[in-house]
Amino acid sequence: MSVENRPWVEKYRPRSLNDVVNQNAIIKRLKQFIIDESMPHLIFAGPAGTGKTTSALAMVRDLYGKKMSLNNTYLELNASDARGIDVIRTYIKDFAKAIPPIDVPFKILILDEADNMTAPAQQALRRTMEKYTKNCRMILICNYSNKIIPPIQSRCVVFRFSPLNKDDIKNRIKLIASKEELNLAANGLNALVDVSRGDCRRAINYLQSCGTISKKIDQEIVFRVAGEVPPDKIKIILQNALEGQLQLSIKLLNELIKDYGISGRNIIRDIHREIYDLNISENLKIELSKLLAEFEYRLSQGGTEEIQLQSLLAKIVLLQNSE
Ligand SMILES: Nc1ncnc2c1ncn2[C@@H]1O[C@H](COP(=O)(O)OP(=O)(O)OP(=O)(O)O)[C@@H](O)[C@H]1O
Ligand SMILES: [Mg+2]
């Protein structure tokens, strides 16, 4: 695949720790390890698309520079490679055992997606980790650190990656959009940040999908590509119901379902996301939240979507009247 055809998440994957955004405290400590040329075994844990794999690879690159191309400086294994107990006992053990090339302080073994290694395979790693620490340090990457067995956790320093904050995703997306010569409207940028929910990979992927549709990217395109309803539309339906306009809110809801083809449960989830931003009393928010819980349950029990959603709106209208 030519460089240009690569997905943008790969094309714009930070190559050095300097370019990784948001995880400042973690990056600072990783950089110190590189300066000291020494580090403990590490676990990177955290949600998807927050820079775990990126940071591990960037660290190897920053530490070794040109020496990265030497055989046997680092090894990256992920869920697509066999990592059963036999591989741990043979291949991985041999890698850890071999003395690092000259000028290389220690080798690095990256075990990506380590949370789906079986417990016996993890057990088999325990002794190798200890015995060959001098030659080889390990970075285990996982979404949930509780999937890593306690004896391995106790041999590692755990770094917890957090979802990226809005500003950092914004800056990253702006940078990519300008390099790709896209015309990204301000509301398009905000929409991308909204639908990404702290996952930088998702934001970049949606940006690329939008880019294939049009060079000018606005809120409408983003929500369409992401299969989500713009929050404004949900808000208007809710406000109308709260003002007692039952017919109008039902009409708007039906149009929304027709245009976006979303399920009743997703509508309830979207309404739920909006209620805390509404300018209404706390009591009303509590009542709304109870209602949504009730109707989510009804739908899960097989209630007809149209009837349940209309009944939900009717109850919201009644809520306001009883205030
Ligand atoms: N902190 C970050 N700074 C800059 N870019 C980032 C950051 N986090 C993620 N990205 C972008 O998102 C892409 C995916 O990130 P990465 O592969 O590091 O995710 P991950 O944390 O390993 O997620 P997963 O748990 O799904 O494997 C990267 O290629 C990069 O473009
Ligand atoms: Mg990863």
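Two residues are in contact here if their C-beta atoms, placed from the backbone, lie within 7 Å. With that in hand, here are the legends; keep in mind that this is a predicted model.

**Figure 1. Thr 128 sits in helix H5.** Leave aside the neighbours within four places in sequence, and Thr 128 is in contact with Ile 92, Lys 93 and Ala 96. Is Thr 128 buried or exposed? Thr 128 counts as buried because it has 20 C-beta neighbours inside 10 Å, and 20 or more is what a buried residue needs. For a sense of distance, take Gly 84, which is 44 residues away from Thr 128 along the chain: the two C-alpha atoms are separated by 15 Å.

**Figure 2. The whole chain, before going further in.** The protein chain has 15 helices and seven strands. Its C-alpha trace spans about 75 × 45 × 35 Å along the principal axes. The radius of gyration comes out at 25 Å, whereas a compact globule of 323 residues would have one near 20 Å. As for burial, 31% of the 323 residues count as buried. Now look at the contacts with a separation of 6 or more: 78% of them are between residues 24 or more positions apart.

**Figure 3. The largest nonpolar core has 41 residues.** Which members touch the most others? They are Phe 44, Ile 139, Leu 140 and Ile 141. Helices H2 (24-36), H3 (52-64), H4 (85-97) and H5 (119-131) each give two or more residues to this core, and so do strands E1 (41-45), E2 (74-77), E3 (107-111) and E4 (136-142). H3 supplies the largest share, seven residues.

**Figure 4. A closer look at Phe 44 and its partners, then at another core.** Not counting residues up to four places away in sequence, Phe 44 touches Ile 139 and Ile 141, along with Lys 52, Ser 55, Ala 56, Phe 159 and Phe 161. There is also a second, separate core of 36 residues, and Ile 169, Ile 173, Tyr 206 and Leu 238 are included in it.

**Figure 5. Domain 1 meets domain 2.** The domain assignment splits the protein chain into domain 1 (3-160), domain 2 (166-226) and domain 3 (231-322). How far apart are the C-alpha centres of domain 1 and domain 2? They lie 30 Å apart. Where the two domains touch, eleven residues of domain 1 are in contact with 13 residues of domain 2. On the domain 1 side, the residues that touch domain 2 divide into seven nonpolar and four polar, with no charged ones.

**Figure 6. Ligand 1 has 21 residues around it.** Arg 13, Ala 48, Gly 51, Thr 53 and Thr 54 come nearest. H3 and helix H9 (200-213) are the elements that give two or more residues to this shell. Domain 1 (3-160) and domain 2 (166-226) each contribute at least three residues to the shell. By character, the shell divides into nine nonpolar, eight polar and four charged residues.

**Figure 7. Glu 113 shows a positive phi without being a glycine.** The phi value is near 50°. Where does Glu 113 lie? It is in the loop between E3 and H5. Glu 113 is partly exposed, because 18 other C-beta atoms lie within 10 Å, and a residue counts as buried from 20 upwards.

**Figure 8. Arg 197 also has a positive phi, and is not a glycine either.** For Arg 197 the angle is about 45°. You'll find Arg 197 in the loop between helix H8 (186-196) and H9. It has 13 C-beta neighbours inside 10 Å, so Arg 197 counts as partly exposed; the cut-off for exposed is 12 or fewer.

**Figure 9. Glu 305 belongs to helix H15 (residues 305-322).** Setting aside neighbours within four places in sequence, Glu 305 is in contact with Gly 264 and Leu 299. Glu 305 is partly exposed, because 14 other C-beta atoms lie within 10 Å. Phe 223 is 82 residues from Glu 305 in sequence, and the two are 23 Å apart in space, C-alpha to C-alpha.

Note on methods. Residues are numbered from 1 along each chain as its sequence is written. Chains are lettered from A and ligands numbered from 1 in the order in which they are written. This is a predicted model: local features need pLDDT of at least 70, side-chain atom pairs count only at pLDDT 80 or more; totals for chains, interfaces and linings use all residues. A nonpolar core is a set of buried Ala, Val, Leu, Ile, Met, Phe, Trp, Tyr and Cys residues joined through C-beta atoms within 7 Å. Helices (H or I, at least four residues) and strands (E, at least two) are DSSP runs, numbered from the N terminus. The radius of gyration is taken over C-alpha atoms; the globule rule is 2.2 Å times the number of residues to the power 0.38. A residue is near a molecule or strand if its C-beta atom, placed from the backbone, lies within 6 Å of it. Ala, Val, Leu, Ile, Met, Phe, Trp, Tyr, Cys and Pro count as nonpolar, Asp, Glu, Lys and Arg as charged, and the others, Gly among them, as polar. Domain bounds come from an automatic or database domain assignment.
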